[in-house]
Amino acid sequence: MTNKPTPSKTKMKPATAAQAATRTPLTVVPDLPVEAQSNAALLKRREAAVPRGVASAAPVFASYAENAELWDVEGNRYIDFVGGIAVLNTGHRHPKVIAAAKAQEDLYTHTSFQVVQYEPYVALAERLNALAPGEHAKKTLLVTTGAEAVENAVKIARAATGRTGVIAFTGSYHGRTLLTLGLTGKISPYKKDVGPFPADIFRAPFPNARDGITVQDALTALNNLMLTDAQPERIAAIIIEPVLGEGGYTPVPFEMLQALRALCDMHGILLIADEIQAGFGRTGKWFAVEHSGVVPDLITVAKSMAGGYPIAGVIGRADIMDAMIPGGLGGTYGGNPVACAAALAAIDVIEEEGLLERSTRIGEHFKAKFAEIGARAAPYRMWDIRGLGGMVAVEFVSNFNTAAPDADLTKRVVAHALKRGLILLSCGLHGNALRIMVPLTASDAVIDEGLAIFEAALAAAVAEQQAA
C-alpha cells in the first residue's frame with residue numbers, strides 16, 4: 001500500500017531513432033464507406049447479430065489504427081492505452097510485422113502443420129526456446145489462443161508426471177474454456193452460471209495486501225491445502241501468473257515464486273508460468289518470471305508474441321514436452337504460418353528497438369505521473385500504484401484507510417476518458433483498478449497526451465461521483 005501520492009521528477013527515456021523513423025502518427029483517417037460511418041448503426045447491427053455474452057468495453061468501431069492511436073468509423077481519434085488487451089507491445093500495424101505477414105501471405109497461408117510442415121513454425125519454436133529462461137534443452141508447441149496454450153500445458157504436465165491435480169491461485173485468469181475456467185480464480189463474469197468445472201483443480205490464496213495476506217500466509221495456506229485436499233503425490237502442476245492480469249496487475253512477490261519452485265522440486269510437481277499477458281517485454285524482460293530468477297518447467301505465451309496476429313504456445317523442458325505420444329498435441333490452425341512470420345518479426349522489433357528497456361522507462365513514467373495526478377485530482381483515492389516494468393495499474397478506493405474498493409469511480413474514469421479520446425480498461429477482483437497496456441512503441445508525446453486526458457477524466461469522474 002502506498003501513502004498519499006507524491007510528485008516525482010522521474011523522466012522517461014525518449015523513443016529511439018529507429019522508433020522515430022518508422023512510427024509516423026496519422027492525422028487524417030482514410031475515407032470510409034458511407035454505410036460504415038456510424039457507430040450507432042453498427043451497434044444496432046451488432047446487437048441483432050452478436051450474443052450479449054460478448055461484451056465490448058467501448059461502444060465504438062475501429063476503422064484504422066497506427067502505433068498507439070486508433071480512429072473509429074466516424075473519424076474520431078483515440079489514444080490506445082489498452083493495446084487489444086496487452087496484444088500490441090509493438091503497436092498497431094508495426095511496419096516490420098505487417099511486411100513479414102504480407103510476405104508470407106504471398107507464399108502460402110495454411111497447410112496445417114500436422115499435414116504439411118513449414119519452416120516458420122520451426123524457426124519460431126527455435127527462437128522461443130532460446131529466449132525462455134533456463135539452460136536446459138527446450139521445445140515449443142504452437143497453438144492459436146492463450147486458453148489453448150494453458151489447456152495444453154496442463155495436458156502435458158499430466159502426461160509427464162502421471163498425475164492429475166493442478167493448483168491455481170485466487171484472482172488468477174487462465175482462459176474461458178471449461179478447464180481454464182476451472183483454473184481461473186474470478187467468478188464474474190467468466191465463471192458465472194457455467195459450472196461445474198473439471199475435477200482435481202485446487203485453489204490457493206494469492207498474497208494480497210488488501211486482505212492482509214502475506215507471502216508467509218499464502219505459503220502456509222498452500223501447505224495446509226496439501227495436507228487437507230491436494231495430496232502432493234497427485235499434483236501434476238502449480239500454475240501462476242508472475243503478474244496477475246485480470247486479477248489486478250499485481251506482481252507475485254519474488255520470494256513467493258522462489259518458494260513455489262522449491263515446493264515443486266520437493267514434491268515432483270511442475271511449475272507453469274502463465275506469461276500470456278506479462279510476456280514479450282511488457283514487464284521489462286522477455287518474461288516476467290525472469291525478474292525473480294526462477295526457472296519454470298513450462299511457460300504459456302500468446303498476446304504480444306505476434307504483434308496482433310493470433311498465435312500462442314507452450315515452451316518447456318524438452319523431456320516434459322516430449323511426454324505426449326505423436327498426435328497427442330496440435331490443432332488445425334496451430335502455429336499458422338502467417339502468424340509465425342509476424343511473431344518472428346515482432347521479436348526482432350522488440351530487440352532492435354530496445355523495447356525491454358523502454359518498457360521499464362514507461363513504467364517508471366506512469367508511476368510517477370499517476371502519483372502527481374492523484375495528488376492533484378483525487379487525493380487519497382488512489383490506494384495503490386503498482387506494477388513491474390510497463391505492466392502498471394492504479395487502484396481506486398472510496399476510503400484510503402480501509403482501502404474500500406471503488407469500482408464506480410473506476411467505471412466513471414473509463415467512461416470520461418473515452419469521451420475525451422483515451423481508451424482504458426479496468427481489472428481486479430473488485431473491478432476498481434485501471435491497467436496500462438500502451439504499446440511500448442508509443443511516443444513520449446502520445447503517452448503524455450493520454451496522461452493529460454486521464455487527469456481530466458479523473459477530475460470529472462470525482463466531481464460527477466460527488467454530485468451524484
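Author: A residue counts as buried when its relative accessible area is under 20%. In this predicted model, 54% of the 468 residues of the chain count as buried.

Reader: What radius of gyration does the chain have, and what would a compact globule with 468 residues have?

Author: A compact globule with 468 residues would have a radius of gyration near 23 Å, and the chain, with 22 Å, agrees with that value. The C-alpha trace spans about 60 × 55 × 45 Å along its principal axes. The chain has 14 helices and 16 strands.

Reader: How should one read a sheet, and in which order do the strands β1, β2, β3 and β14 stand?

Author: Strands of a sheet pair through backbone hydrogen bonds, in either a parallel or an antiparallel sense. Here, 4 strands form an open sheet in the order β1-β2-β3-β14, with mixed pairing. Because β1 (62-66) and β14 (422-423) stand at the edges, each has a single partner strand, and one side of each is left without a neighbour in the sheet. Within this sheet, β2 (residues 69-72) and β3 (residues 77-80) pair in the antiparallel sense over 3 bridges; Trp-71 has Arg-77 in β3 as its bridge partner.

Reader: Which strands does helix α14 lie across?

Author: Helix α14 (residues 444-467) lies across β2, β3 and β14, and runs at about 100° to β3.

Reader: Is His-174 buried or exposed?

Author: The cut-off for a buried residue is under 20% relative accessible area. His-174 has 2% relative accessibility and therefore counts as buried. His-174 is placed in the loop between β5 (165-169) and α7 (178-183). Its side chain makes a polar contact of 2.7 Å with the side chain of Asp-274. Leaving aside residues up to four places away in sequence, His-174 touches several residues, among them Ala-147, Ile-239, Glu-241 and Asp-274.

Reader: Which peptide bonds in the loop between α7 and β6 deserve attention?

Author: Most peptide bonds are trans, and most residues other than glycine have a negative phi. A cis peptide bond joins Ser-188 and Pro-189, with omega about 5°, and the bond from Gly-195 to Pro-196 is cis, with omega near 5°. Pro-189 lies in the loop between α7 and β6 (201-204), as does Pro-196.

Reader: What is the phi of Ile-85, and what is that of Arg-93?

Author: Ile-85 is not a glycine, yet has a positive phi of about 65°; Arg-93, also not a glycine, has a positive phi of about 55°. Ile-85 lies in helix α3 (residues 83-86) and, at 32% relative accessibility, counts as partly exposed. Arg-93 is placed in the loop between α3 and α4 (95-105) and, at 38%, counts as partly exposed.

Methods. Residues are numbered from 1 along each chain as its sequence is written. This is a predicted model: local features need pLDDT of at least 70, side-chain atom pairs count only at pLDDT 80 or more; totals for chains, interfaces and linings use all residues. Side-chain values use heavy atoms; hydrogens and water are left out. Two strands pair if DSSP finds at least two bridges between them. Helices (H or I, at least four residues) and strands (E, at least two) are DSSP runs, numbered from the N terminus. Contact means heavy atoms within 4.5 Å. Axes are lines fitted to C-alpha atoms, for helices over the stretch in contact, and angles run from 0 to 180 degrees between N-to-C directions. Buried means under 20% relative accessible area, exposed over 50%, partly exposed in between (1.4 Å probe, protein chains only). A polar contact is a pair of N or O atoms within 3.5 Å; within protein, one must be able to donate a hydrogen and the other to accept it, and residues adjacent in sequence count only if both atoms are side-chain atoms. The radius of gyration is taken over C-alpha atoms; the globule rule is 2.2 Å times the number of residues to the power 0.38.
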